[in-house]
Amino acid sequence: MNTPEPATPQDPRPSPRPPLRALLAHARPHRSVLVLVLVLTLAGSAAGLAQPMVVESALTALMTGHGLDGQLLLMVGLLAVSIGLTWTQALLSERTAEKVVLHVRRGLVHRLIRLRSAELDRVEPGGLTTRVTSDSTLVQHAATSGVIQLLDGGVHLLATIVLMGMTSLPLLGITSGVLIVVGVAMGVVMPRIRRVTTRAQTAVGEIGAALDRALGAARTVKANGGEATETARAVAAAEDACRAGLAGARYHAVIAVLSALVVQASFLAVIGFGGALVATGTLDLAALIAFLLYLFNLGGPVLSLVGGTTSLQQGLGALARIEEVRHMEIETDVDETPARPAGPPPRVTLQDVTFAYPGRDSTLDRVSLTAPAGAVTALVGPSGSGKTTVFSLLQRFYDTGSGRILLDGTDITALSRAEVRRRIAYVEQDTPMLAGTLRENLLYAAPDARDEDVARVLRDTLLDSLVARLPDGLDTQVGARGLALSGGERQRLAIARALLRRPQVLLLDEATAHLDGVSETALRQTVERAAEHCTVLLIAHRLSTVTSAEHMVLLADGRVRDHGRHDELLGRDRLYRDLAATQLTSSGT
Ligand SMILES: Nc1ncnc2c1ncn2[C@@H]1O[C@H](COP(=O)(O)OP(=O)(O)OP(=O)(O)O)[C@@H](O)[C@H]1O
């Protein structure tokens with residue numbers, strides 16, 4: 001079985017390959033089966049091609065007064081062989097196609113889930129998911145049936161032409177005139193088909209992106225009456241796909257007409273010219289009939305060639321998009337199983353950290369701060385001052401431009417991302433619940449946690465009384481179709497999940513949603529208890545939750561403006577006083 005494309009730590013970003021090379025690379029592991037399929041296809045075609053020869057000899061036998069037994073048996077035999085071969089090759093090629101697409105999808109899923117944050121910032125997720133769904137299906141067809149159709153069509157066409165020549169060279173001369181005209185016409189149409197199919201695929205990707213955007217922000221869309229705008233966006237993409245599809249249909253119709261034309265025009269020419277040859281005795285009737293049968297066989301390979309080329313072109317377009325993902329940077333060090341962090345909670349230090357989001361001006365400017373071991377440090381500051389960015393760097397979502405981040409004496413870049421994220425737990429501002437039970441939500445990152453550890457974190461996060469009240473306890477369903485938890489409860493559940501992994505450091509981006517007095521007290525107590533086991537860094541959107549923190553860092557415009565305790569900052573910093581004036585009064589403290 002094929003393994004997902006592993007990206008080695010030294011080479012996280014394979015260079016993009018030309019689509020045709022990429023296609024061959026996908027087909028290569030299956031080359032022996034594909035060769036077998038091709039042989040079977042060609043044998044099937046040969047059996048089909050032998051039919052007119054048998055007919056010719058049957059007719060000759062009839063006209064010369066001989067019996068037909070042998071020829072009839074041969075015809076039935078050829079038909080049976082042709083059916084058997086077609087069935088086997090169709091089955092084999094479909095099976096290979098499924099394997100190819102599974103391999104492509106596995107590789108894509110592996111990479112997409114590990115994409116770096118900077119890559120995720122610059123692409124629309126909808127556009128990425130269509131690469132796993134529709135694009136890989138196109139590759140599936142191109143890499144197998146497309147290539148086989150093309151080869152079979154080509155060989156079949158060539159063989160038919162050779163056999164026609166063997167039957168009657170003058171008649172072939174007449175037919176090839178028509179063939180050349182049609183060939184040139186096809187050469188003109190095929191590139192156009194390629195262009196419209198690429199456009200259609202891009203448009204389909206855009207439908208996905210538009211829908212992802214709308215459904216991902218469904219509440220915002222509804223609250224702002226954005227239904228019409230979002231519908232228009234997705235429908236515009238669908239209309240574009242439709243226009244491209246229609247253009248493609250017109251070209252396909254042209255091809256179908258041309259293929260029929262090859263046969264019809266050649267038929268008329270062969271009947272006229274061949275009839276004259278038969279009348280003059282230069283050609284016998286059996287040969288003319290055999291030639292005509294070859295002629296009618298010509299439509300099949302021509303359509304195969306067209307079908308193969310179209311599917312190959314679609315596949316190459318899709319592969320170009322899939323190759324883009326291969327060129328995006330991924331995190332290669334997240335799959336190892338890091339050791340359970342041992343030892344006391346560390347001191348967290350940022351030394352002269354500078355950082356800018358790709359394509360943006362400086363976001364953090366020489367930020368230095370220390371979060372003392374086993375205590376709560378609160379990051380405060382106006383919106384956009386860079387608090388969340390500090391957390392993103394502590395999770396190694398991005399790498400610092402310059403400066404160092406240390407856990408006691410260890411630079412976090414010396415640790416793998418898996419190790420960093422094992423030691424430093426992160427609870428986001430708005431933590432989504434995973435569909436399933438409370439237990440599944442809790443054990444998400446620590447499936448082997450012991451019952452007593454679960455009971456401990458439930459106590460520490462003050463969720464034990466809530467769980468005790470539920471008839472199904474931890475087996476209660478949560479999420480869209482189950483128990484709805486309040487913002488405060490959801491965040492404490494997320495803290496419980498994080499604590500179950502026994503991290504050394506807890507990063508908590510306090511929920512901005514208004515918490516009532518009870519929830520706020522519960523959160524404060526949770527944080528205090530968490531600090532008994534780990535170093536806590538807390539982004540405080542309401543100063544009321546952190547006025548008692550031992551250490552506060554005030555960020556403004558990406559710089560550390562001041563640090564100290566609440567009363568110290570209140571006494572000496574104007575910005576902090578302003579923040580306190582708004583945030584402490586608005587929360588009613
Ligand atoms: N992924 C991103 N790409 C580009 N710029 C970003 C990204 N995330 C944040 N920024 C910018 O970086 C600056 C700091 O943002 P950050 O989220 O760290 O601030 P914050 O102090 O956490 O704000 P808030 O309190 O509103 O959450 C802002 O100007 C923001 O627009």
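L462 counts as buried because it has 20 C-beta neighbours inside 10 Å. The cut-offs are these: 20 or more other C-beta atoms within 10 Å of a residue's own is buried, 12 or fewer is exposed, in between is partly exposed, and the C-beta atoms are placed from the backbone. L462 sits in the loop between α14 and α15. Its phi is positive, about 55°, although the residue is not a glycine. For context, most residues other than glycine have a negative phi.

Before I go on, some bookkeeping. The model is predicted, so local features need pLDDT of at least 70 and side-chain atom pairs count only at pLDDT 80 or more, while totals for chains, interfaces and linings use all residues. Residues are numbered from 1 along each chain as its sequence is written. Helices (H or I, at least four residues) and strands (E, at least two) are DSSP runs, numbered from the N terminus.

A second residue of the same kind is R502, which is not a glycine and has a positive phi of about 50°. R502 lies in the loop between α16 and β9. Is R502 buried or exposed? R502 is partly exposed, because 18 other C-beta atoms lie within 10 Å.

That brings me to α16, residues 487-500. Its 14 residues should span 20 Å at 1.5 Å a residue, and the end C-alpha atoms are 20 Å apart, so the two agree. The expected span is 1.5 Å times one less than the number of residues. Twelve of the 14 residues of α16 are buried. Among them are G488, E489, Q491 and R492. What covers them? The cover includes β6 (424-427), α13 (438-442), α14 (451-460), α15 (464-469), β9 (505-509) and α17 (517-530). Contact here means C-beta atoms, placed from the backbone, within 7 Å.

Two of those covering elements, β6 and β9, take us to the sheet. It is an open sheet of six strands in the order β6-β9-β10-β3-β11-β12, with mixed pairing. The edge strands are β6 and β12 (559-564), each pairing on one side only. Neighbouring strands of this sheet are turned by 20° against each other on average, direction ignored. Two strands pair if DSSP finds at least two bridges between them. Strand β9 and strand β10 (residues 535-539) are joined in the parallel sense over five bridges. Within that pair, L506 has V536 in β10 as its bridge partner.

Two helices lie on this sheet. Helix α16 lies across β6 and β9, at about 165° to β6. Helix α17 lies across β3 (376-380), β9 and β10, at about 150° to β10. For these angles, axes are lines fitted to C-alpha atoms, for helices over the stretch in contact, and the angles run from 0 to 180 degrees between N-to-C directions.

There is also an open sheet of four strands, in the order β2-β1-β4-β5, with antiparallel pairing. Its edge strands are β2 (364-371) and β5 (410-411), each paired on one side only. Helix α11 (residues 387-394) packs on the sheet and touches β1, β2 and β4 (402-407), with its direction at about 110° to that of β1. How many bridges join β1 to β2? Five bridges join strand β1 (residues 348-355) to β2, and the two run antiparallel. T349 stands opposite T370 in β2.

Next, the chain as a whole. It is divided into domain 1 (19-326) and domain 2 (348-586), with bounds from an automatic or database domain assignment. The C-alpha centres of the two domains lie 56 Å apart.

For the transmembrane regions I rely on a record. The unreviewed UniProt entry lists residues 33-52, 72-92, 146-165, 171-190, 253-279 and 285-306 as "transmembrane region". UniProt positions are in the numbering used here, feature names are shortened, and annotations may be inferred rather than shown by experiment. In the model, residues 72-92 are 100% helix and 0% strand, with end C-alpha atoms 30 Å apart. Residues 253-279 are also 100% helix and 0% strand, and there the end C-alpha atoms are 38 Å apart.

My last residue is Q140, in helix α5 (residues 125-167). Q140 counts as buried because it has 26 C-beta neighbours inside 10 Å. Leaving out residues up to four places away in sequence, Q140 touches A97, V100 and V101. Q140 and L23 are 117 residues apart in sequence, yet 9.6 Å apart in space, C-alpha to C-alpha.
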